[in-house]
Amino acid sequence: MGEVRKLQKKLRQIENLEIKISLTPEEKIKVSKKAELRSRLAELLLHHSGPQQTQEIVGKEEDKMKRQVEEVTEQLVVPCRPALKIAREERRENERSDRSQTDGRGETHLPVSPSVEEQEDAEFKSRRQAWEKAKFRLRTLEGHSDIITCAVAIDNLVISGSRDTTVKVWHVPTATEQRNLGGHSGGVTCLSAPPPEYCRRLARVFDLADNERFVLSGSTDCCVRIWALSSGQCVKSIYTFNAVSSLCFIPEGEGFIVTGSDAGKLQVWSWSSLENCQSENAHLDAVTTLQSQGPLLFSGSAEGCVCVWEVSDVRTEPLRRLHIWGPEVTGCRGDDGVNGRLILSPRGDRVFLSCGKASIRILNWRTGVMTRLTNHSSTAGVTDCVNQIPSLLIGSCFDIINGESTINLFSLPQCKYLVSLTSSDLPRILCFAAWLTASGDHRWVTGGRNLIVWEQLPGSFKKRGDVTVRRDSRLVDCLLESDRDSEDEQSEVDDDEDSIHQDASETEEPANSSWLRCVLQ
């Protein structure tokens, strides 16, 4: 299986090379061999597979490969159903037995109200069945000439940013480009949309209508631009002195803009005066993600570090760090030179993390306890995005072997797997935004090589949708109470480290080059 491992490593490198800002001649040659490598890998997997071989399960040795296939159910499902579930089943059985008992007159007792657990199970089952029947229509929004790095949704509009230096505004119902916001001289890395009440405050400053909406864009040109959507005008440009790799608006007090740089610096800007309030050397590498939750700010970096900050408008410096959790806790090491991107999504005491591995990390930011949620059935999966909407956790997954891109849905707050959604020729998903329509249907937008709108169709819609809905039994009940990577996943990282260092010597480019040279959020 040595050749299988080598081919898998090469494909992982090629997929990440394709989303770099620019390629050297040597790298272009490597990328051109992707189809040939995938074909050869498929032949090898077919040759090594036995009658019970499960597709997409890749081992490290022949005996380990067999063990993964034959015991995949035991390893992934059974350990996740130990004493707790057995105890629940026994208690339910006892409750059913108690209900069936008769009193002295031979009359049965009235049914007991279902327990909270039974209600949750029934609700989950109903939700799962609804998603199994879900239909989506996909529409591609064409206009960007390079990779789409970020997207946000405002009412019926989608705003997207790209490496082609532009920000575009799209009208979703008609799938048309409404405005092209040109002004950045570098690739656009991040977007943020302030709430309406904060937009009204800024609109008064610029003598605009009260219903004006604004969007913020950050770029490698070291600028944050504030755009008025009605006119497409840039009303303000803030020079940050650093390439902007992430951006967040905090609706606390008068409001703050927080920017993260490719060198690990956080900068805070007043929404009312647009002046700098604070500069903090928060991370050792590029700040790849910023998210707010009430008066809290969460920052994540390419080296795999997560910081939690308290935001207050009564202090001279609004940010005060509460916790810092390093890569030894998060398991999101960025020193392998392969992914170098951490994305987070907070919910209460938990922070969901995606860092280019096959699982979604779940960090209790108060205690540092880590949990892993399986997001792919083998180590060949790459989790690029994690996001939330009410009662739903969404994780994207890309298979580096066959090039298949998938969206996995999990029910919140239990993190129980619902379904997987995919479509033919769906590209790798590098950014994701989601919202609900007035009728309660889902609308999503995914970005990467293409900008695609996912529109949920009503249940009465008779035609077949553009999306295939399936359930992967290997993802069921795979919430692992562990802060360590599996043996296979860690071996995959170690192998990639060796291979990346080798390629670095070939191309004379350091393995730990800036995250912005590899992928933009």
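The largest pocket in this structure holds about 1,100 Å³ of space. Keep in mind that we're looking at a predicted model.

So who lines that pocket? Its wall is built from 40 residues, and the ones nearest the centre are Ala-151, Val-152, Gln-291, Asn-387 and Phe-432. Sorted by class, the lining looks like this:

| Class | Residues in the lining of the largest pocket |
|---|---|
| Nonpolar | 28 residues |
| Polar | 9 residues |
| Charged | 3 residues |

Two domains chip in here: domain 1 (127-153 + 339-484) and domain 2 (184-338) each give at least three residues to the lining of the largest pocket. Strands contribute as well. At least two lining residues come from each of β2 (148-154), β6 (188-192), β10 (244-250), β14 (287-293), β18 (343-347), β23 (386-389) and β27.

That last strand, β27, leads us to a sheet. β27 belongs to an open sheet of 4 strands, which run in the order β1-β29-β28-β27 with antiparallel pairing. β27 (429-436) sits at one edge and β1 (136-141) at the other, each pairing on one side only. Going from one strand to the next, the twist averages 20°.

Now over to the β1 edge. β1 pairs with β29 (residues 451-456) in the antiparallel sense, over 6 bridges. If you want a spot to zoom in on, Leu-138 stands opposite Trp-454 in β29. As a general reminder, the strands of a sheet pair through backbone hydrogen bonds, either parallel or antiparallel.

Methods. Residues numbered from 1 in each chain as written. Predicted model: local features only at pLDDT ≥ 70, side-chain atom pairs only at ≥ 80, totals over all residues. Heavy atoms only, no water. Pairing = 2+ DSSP bridges. Axes fitted to C-alpha atoms, helices over the stretch in contact; angles between N-to-C directions. 1 Å grid on protein atoms, 1.4 Å probe; cavity = no way out; pocket = protein on both sides within 12 Å on 5 of 7 lines; lining within 4 Å. Points joined across faces, edges and corners; volume = space filled by probe spheres on them. Nonpolar A, V, L, I, M, F, W, Y, C, P; charged D, E, K, R; others polar. Domains from an automatic or database assignment.
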